[in-house]
Amino acid sequence: MNQMVVAAAQRQMSELERLIAQHWAQVERLVAANRDATQATRTVRSLEQTLLLTKEHVRFLLRHEEPPERGPCEDHQRG
């Protein structure tokens, strides 16, 4: 189950990274044209925050997905 969630989150992270790059380009164009880039900058910051939270979520899932350590195999214990 976690693997499916992690895969979906990784796709979301890729999309967020693409959107962030697009929006930063828009901010740069607005600044170059001496126009107000406040709202565009807020959008980028919001996307960046979402990306950070998604990365934290993936790290959390991966930490809790690791199988517990196994003890010696029962067959080996009998011998």
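Author: Let's start with a term: a residue is buried when its relative accessible area is under 20%, exposed when over 50%, and partly exposed in between. Keep in mind that this is a predicted model.

Reader: Okay, is Glu-48 buried, exposed or partly exposed?
Author: The relative accessibility of Glu-48 is 23%. Buried needs under 20% and exposed needs over 50%. So Glu-48 counts as partly exposed.

Reader: Which residue does Glu-48 form a salt bridge with?
Author: Look within helix α2, where the partner sits three residues away, so about one helical turn separates the two. That partner is partly exposed, at 47% relative accessibility. The closest N and O atoms of the pair are 3.1 Å apart, and the partner is Arg-45.

Reader: And in the salt bridge of Glu-15 with Arg-18, how far apart are the closest N and O atoms?
Author: Both residues belong to helix α1, and they are three residues apart, so about one helical turn lies between them. Glu-15 is partly exposed at 36%, and Arg-18 is partly exposed at 40%. For a salt bridge, the nitrogen has to be within 4 Å of the carboxyl oxygen. Here the closest N and O atoms are apart by 2.5 Å.

Reader: What span does helix α1 reach from its first C-alpha to its last?
Author: Helix α1 runs over residues 2-32, which makes 31 residues. At 1.5 Å a residue, you'd expect 45 Å. The model comes close to that, with a span of 44 Å.

Reader: What do the buried residues of α1 pack against?
Author: Those buried residues are Val-6, Ala-9, Met-13, Leu-16, Ile-20, Val-27 and Leu-30. Take Val-27: leaving aside neighbours within four places in sequence, it is in contact with Ala-37, Ala-40, Thr-41 and Val-44. The buried residues of α1 pack against the helix at 38-65, named α2.

Reader: Which element gives the largest share of the largest nonpolar core?
Author: This core has 14 residues, and Ile-20, Val-27, Leu-51 and Val-58 touch the most other members. The elements giving two or more residues to it are α1 and α2. The largest share is seven residues, and it comes from α1.

Reader: How far apart in space are Leu-61 and Val-6, C-alpha to C-alpha?
Author: Leu-61 is found in helix α2, and it is buried, with a relative accessible area of 10%. Not counting residues up to four places away in sequence, Leu-61 touches Asn-2, Val-5 and Val-6. In sequence, Leu-61 and Val-6 are 55 residues apart, but in space their C-alphas are apart by 7.2 Å.

Technical notes:
Residues are numbered from 1 along each chain as its sequence is written. This is a predicted model: local features need pLDDT of at least 70, side-chain atom pairs count only at pLDDT 80 or more; totals for chains, interfaces and linings use all residues. Side-chain values use heavy atoms; hydrogens and water are left out. Helices (H or I, at least four residues) and strands (E, at least two) are DSSP runs, numbered from the N terminus. The expected span of a helix is 1.5 Å times one less than its number of residues. Buried means under 20% relative accessible area, exposed over 50%, partly exposed in between (1.4 Å probe, protein chains only). Contact means heavy atoms within 4.5 Å. A nonpolar core is a set of buried Ala, Val, Leu, Ile, Met, Phe, Trp, Tyr and Cys residues joined through side-chain atoms within 4.5 Å. A salt bridge is a side-chain nitrogen of Lys or Arg within 4 Å of a carboxyl oxygen of Asp or Glu.
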